[in-house]
Amino acid sequence: MKIDIQNLSHSYDIQVLHDLNLNLESYKSIGIIGVSGSGKSTMLRIMSGLESPTSGTVRINDSDVTSEEYRRSVGFVFQSHNLFPHLTLEKNITLILEKTRGMGKKEAQEQACKYLELLHLGDQVHKLPKNVSGGQAQRASIARALSIDPQVIFLDEPTSALDPVLTYEVLSAVKELRSTGKAFVFVSHVMSFVRSFAEYVIFMHDGRIGEMGPPSILDNPSTPELRDFMEKEP
Amino acid sequence: MGQISQELLKPDRGRRGPSATAVSYLLVLAVFGALAWFVVARQNRPFDMSTIAPYALNIAEGLGLTIRASVIALVGSTVLGFVFYLLSSSSSKFCRAFTDVFTEIIYGTPLLVMIMLMAFVIGPAFGTTSRQFMGQLGLVIYMTPYMTNIFKSAISSVGQEQYMVMDLFGFTPFQRYRYIIIPQVIRILMPPLMNNFSLIIKGSALLNVLSYRDLFYEIALMTNNTFRFVEGFLLMWGLYLLITIPLSQLTKWIDRKWGL
C-alpha cells in the first residue's frame, strides 16, 4: 500500500491535525496509536475518505481519497459494529453487494457466506445482529467490509466496545485475515495486537506524528512522548 | 434444612417453568372472577343476561360503529400525524413553532372537551351542523400529536452511524429509504401505533355524548329501557376488553418478534 500525505490539516471547532506529511510504500498493515484526542481517528477517517480534509492532499495507492471512486474501493470497520439491525448477518452483506455493486442474488449469497465463514460465522448467517454476541457482530461487520473486495480496510478501534475475551476473539480473527493479502490501516489501544499485526506503527501526539517506525519503536521509543505513552500501557 | 438451602443456591431460583406461570395467571384470573361474582351477587336483582338478548342486534351494530370510528380515527390521525412530523422537522421556523404550539394545546385538552368544542363551537364556525362528523374529526385531531410523537421517535432511532454506513457503501437516496430506513421504522412504529389504537378505541366511547350510536351509546340506551344496568355495563366492559386485551397481546407479540 502506498500512502502519500502532504500538508494535511484538519479542524472541527479546534484544529485536530497540524500540517501532516507522510510518505510510505509497501507496508501491508499500518497501526496508528496515541491517546484519545491525538487525532488518530480523524486521520484514519480522512485516509478512508469518510471525511474530507480541511486542507492538504491525501493519496492512497495513487488515488485521491476524496474521489467517489476511491471511497467505493475501501472497507471501514467502526468502533461499534453498525450492522443494519433489521437484517440478518448474511442480508447485511448481500443487500450491499446486490444493490450497490450490482451483483446477482446467488453470487452475492455465495460471497457473503464465504466471508462470514472466513470470520468463523458460518453457523450464524441467518441470525439478526441482536441475537449474536458483540464479538460476533463485530466480526460480521469485518466480513461486510471485506465483502466488497476493498483495496484497503480501515479499522477504527474495532474492539473498544468489547470485553477482553471478545477483544481477543475479534483480533485473532483479524490476524488471520493477513492471508487475504489485503492492506490494513487500523487504530487500536491493544498494544499486543499492534506489536504482532502492524508492519509499521505511527504514534500520534497532539495532532502531529510523534514518532513512527517498525513495531520495535514501541519497545525502544526515541521520543519522550512515546516513552510516556508506553509507560502508561496497562 | 439442607434441602432448602440447596434450593436457594440454585442459580435459576425464582425462574419458574411455563406451567408455574400458567398456574399464577389462572390464580389471578380466579381472584378477578371471584370479585366479579361478588359484585354480581351483591345486586338486589338476579343476574340474567337473557333480559338483554333482544337488544343483541343493536349492540352488535354499536360495536361495529365503535370499530369503524376507531379505524377512521387511526388512519386519519396516522396520516395527519405524519404530516405534522414533516412540519415539525422542516427547516421553516414557523412550521416547527406551529406543531409545538399545536401539540401543547392538544396535550392540555381533555378528549371530552375536544369533542364538544369540535361539535358545538368549531363546527358551526365552519358551517357544518354534522356533530358526529365533527366529533369524529375531534378524535382524529386529538390523537394527531401522539402519532407525530411516535413517528419522531421511530425515525430518530435509525442512528447516525447507519447513515454513515450507507454513505460508505454508496446507497442512493431511494435505496436508503426502501431497504434500510422504512423497514426499520415500520418495525419500531408498530407497537406504539397499536397502543394508540387501543387509546382510540377507549376514547371513542366519548362520542356517545353526540348521540353517535357506538357500543357505549347502544348499551346505555338499552339499560335506560330495561333498567338492566348490571348486565348491560358488564357486557359493555367485557366487549371493550375483548378488543383491547387481544390487541395489547398482539402488540407484545409483534414487539418480541419484530423488535430491533
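At what angle do helix H3 (residues 56-88) and helix H8 (residues 173-203) of chain B pack, and how many Å apart are their axes? In this predicted model, the two helices of chain B meet at about 130°, and their axes are 9 Å apart. H3(B) is therefore oblique to H8(B), since the angle is neither over 145 degrees nor within the range of 65 to 115. The crossing of the pair is right-handed. On the H3(B) side, the contact is formed by B:Ser70, B:Val71, B:Ala73, B:Leu74, B:Ser77 and B:Thr78. H8(B) contributes B:Leu193, B:Phe197, B:Ile200 and B:Ile201. Sorted by class, the contact of H3(B) with H8(B) holds 7 nonpolar and 3 polar residues. No charged residues take part in it.

Elsewhere in chain B, B:Leu137 was examined. This leucine belongs to helix H6 (residues 131-156) of chain B. Its relative accessible area is 30%. B:Leu137 therefore counts as partly exposed, a class that lies between the limits of 20% and 50%. B:Ser24 is 113 residues away from B:Leu137 along the chain. The C-alpha atoms of B:Leu137 and B:Ser24 are separated by 43 Å.

Chain A contains an open sheet of 4 strands. The strand order is E2-E1-E4-E5, and the pairing is antiparallel. E2 and strand E5 (63-64) of chain A stand at the edges. Each has a single partner strand, so one side of each is left without a neighbour in the sheet.

The pairing of E1 with E2 can be followed residue by residue. Strand E1 (residues 3-11) and strand E2 (residues 15-24) of chain A run antiparallel and are joined by 6 bridges. A:Ile3 stands opposite A:Leu24 of E2(A). A:Ser11 has A:Gln15 in E2(A) as its bridge partner. A hairpin of 3 residues connects E1(A) to E2(A). In a regular strand, side chains alternate between the two faces of the sheet.

A helix also lies across this sheet. Helix H1 (residues 40-48) of chain A lies across E1, E2 and strand E4 (55-60) of chain A. H1 runs at about 60° to E2(A). E2(A) is thus crossed by this helix, pairs with E1(A) through bridges, and stands at an edge of the sheet.

Terms used:
Residues numbered from 1 in each chain as written. Chains lettered and ligands numbered in written order. Predicted model: local features only at pLDDT ≥ 70, side-chain atom pairs only at ≥ 80, totals over all residues. Heavy atoms only, no water. Pairing = 2+ DSSP bridges. Axes fitted to C-alpha atoms, helices over the stretch in contact; angles between N-to-C directions. Parallel < 35°, antiparallel > 145°, perpendicular 65-115°, else oblique. Left-handed = near helix turned anticlockwise from the far one by under 90°. Contact = heavy atoms within 4.5 Å. Nonpolar A, V, L, I, M, F, W, Y, C, P; charged D, E, K, R; others polar. Buried < 20%, exposed > 50% of the residue type's maximum accessible area, 1.4 Å probe, protein only.
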